[in-house]
Amino acid sequence: MSPPSRRPPEKSVSVPGFGWFLFVIPGMALVSLCHVQPSLLSTLPIPTPIAKAAGYIAERPNLAALIFYAAWGAHVAEGLVAGFKSSRAGMNSAAVLFWGLQTFILGFPSMIELNKVLRSNKAKDS
């Protein structure tokens with residue numbers, strides 16, 4: 001007996017607001033720079049409050065490493081969870097890849113969007 005076929009979800013993809021891209025991507029780059037190459041911070045045109053915070057972190061290698069590994073670890077984990085959740089929801093492989101990559105890049109804003117899509121699709125199935 002074959003397993004029951006699942007109908008593909010009505011909506012498979014959604015993107016958080018553009019502001020999240022402007023906030024998260026440079027933030028992750030700055031966190032990485034504080035840990036990997038702190039000497040470059042002084043050469044970048046960074047607004048003063050952000051430069052002071054980055055300088056504070058970069059002067060403390062253990063703090064920079066902690067933030068670096070925690071941030072990247074969280075993004076990897078969120079990307080994997082998003083891929084798993086979208087796959088379990090019956091999305092096609094392109095949508096699963098989309099959610100995994102978008103959530104790896106953006107983190108929780110993308111996970112919130114994925115949860116909205118999954119709830120919306122579940123409500124339509126009911």
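This passage describes how helices α3, α4 and α5 and the segment before α1 meet in a predicted model.

Helix α3 covers residues 61–88 and contains A82, a residue that is buried, with a relative accessible area of 0%. When neighbours within four places in sequence are left aside, the contacts of A82 are with W99, T103, M111 and L114. Of these partners, W99 and T103 are also among the buried residues of α4, whereas M111 and L114 belong to the part of α5 that meets α3. The C-alpha atoms of A82 and E59, by contrast, are separated by 35 Å, although these residues are 23 residues apart along the chain.

The packing of two helices can be described by the angle between their axes together with the distance between the axes. For α3 and α5, the latter comprising residues 108–125, the angle is about 10° and the axes are 10 Å apart. Because angles under 35 degrees count as roughly parallel, α3 and α5 are roughly parallel to each other. On the α3 side the contact involves E78, V81, A82, K85 and S86, and these residues meet F108, M111, L114, N115 and L118 of α5. By residue class, this contact of α3 with α5 divides into six nonpolar, two polar and two charged residues. An α-helix has 3.6 residues a turn, so residues three or four places apart point the same way.

Within α5, L118 counts as buried at 18% relative accessibility, since the cut-off for a buried residue is under 20%. Residues up to four places away in sequence not being counted, L118 touches K85, A89 and M91, and K85 is one of the α3 residues listed in the contact between α3 and α5. L118 and F68, which are 50 residues apart in sequence, lie 30 Å apart in space, C-alpha to C-alpha.

Helix α4 spans residues 93–106 and includes Q102. At 1.5 Å a residue, the 14 residues of α4 should span 20 Å, and the end C-alpha atoms of α4 are 20 Å apart, which agrees with that expectation. At the start of α4, a side-chain oxygen of N92 reaches to within 3.2 Å of the backbone nitrogen of A94, while α4 is followed by G107, whose phi is positive, near 75°. The buried residues of α4 are A95, V96, W99, G100, Q102, T103 and L106, and the buried residues of this helix pack against α1 (18–36), α3 and α5.

Q102 itself is buried, with a relative accessible area of 7%, and the side chain of Q102 reaches the backbone oxygen of S14 at 3.3 Å. Leaving aside neighbours within four places in sequence, Q102 is in contact with S14, V15 and P16, as well as with G107 and S110.

S14 is placed in the segment before α1 and counts as buried at 12% relative accessibility. In addition to the approach of the Q102 side chain to the backbone oxygen of S14, the side chain of S14 makes a polar contact with the side chain of E113 at 2.6 Å. Not counting residues up to four places away in sequence, S14 touches F98, W99, Q102, E113 and V117. One of these, W99, is also in contact with A82.

Methods
Residues are numbered from 1 along each chain as its sequence is written. This is a predicted model: local features need pLDDT of at least 70, side-chain atom pairs count only at pLDDT 80 or more; totals for chains, interfaces and linings use all residues. Side-chain values use heavy atoms; hydrogens and water are left out. Helices (H or I, at least four residues) and strands (E, at least two) are DSSP runs, numbered from the N terminus. Buried means under 20% relative accessible area, exposed over 50%, partly exposed in between (1.4 Å probe, protein chains only). Contact means heavy atoms within 4.5 Å. Axes are lines fitted to C-alpha atoms, for helices over the stretch in contact, and angles run from 0 to 180 degrees between N-to-C directions. Angles under 35 degrees count as roughly parallel, over 145 as roughly antiparallel, 65 to 115 as roughly perpendicular and the rest as oblique. Ala, Val, Leu, Ile, Met, Phe, Trp, Tyr, Cys and Pro count as nonpolar, Asp, Glu, Lys and Arg as charged, and the others, Gly among them, as polar. A polar contact is a pair of N or O atoms within 3.5 Å; within protein, one must be able to donate a hydrogen and the other to accept it, and residues adjacent in sequence count only if both atoms are side-chain atoms. The expected span of a helix is 1.5 Å times one less than its number of residues.
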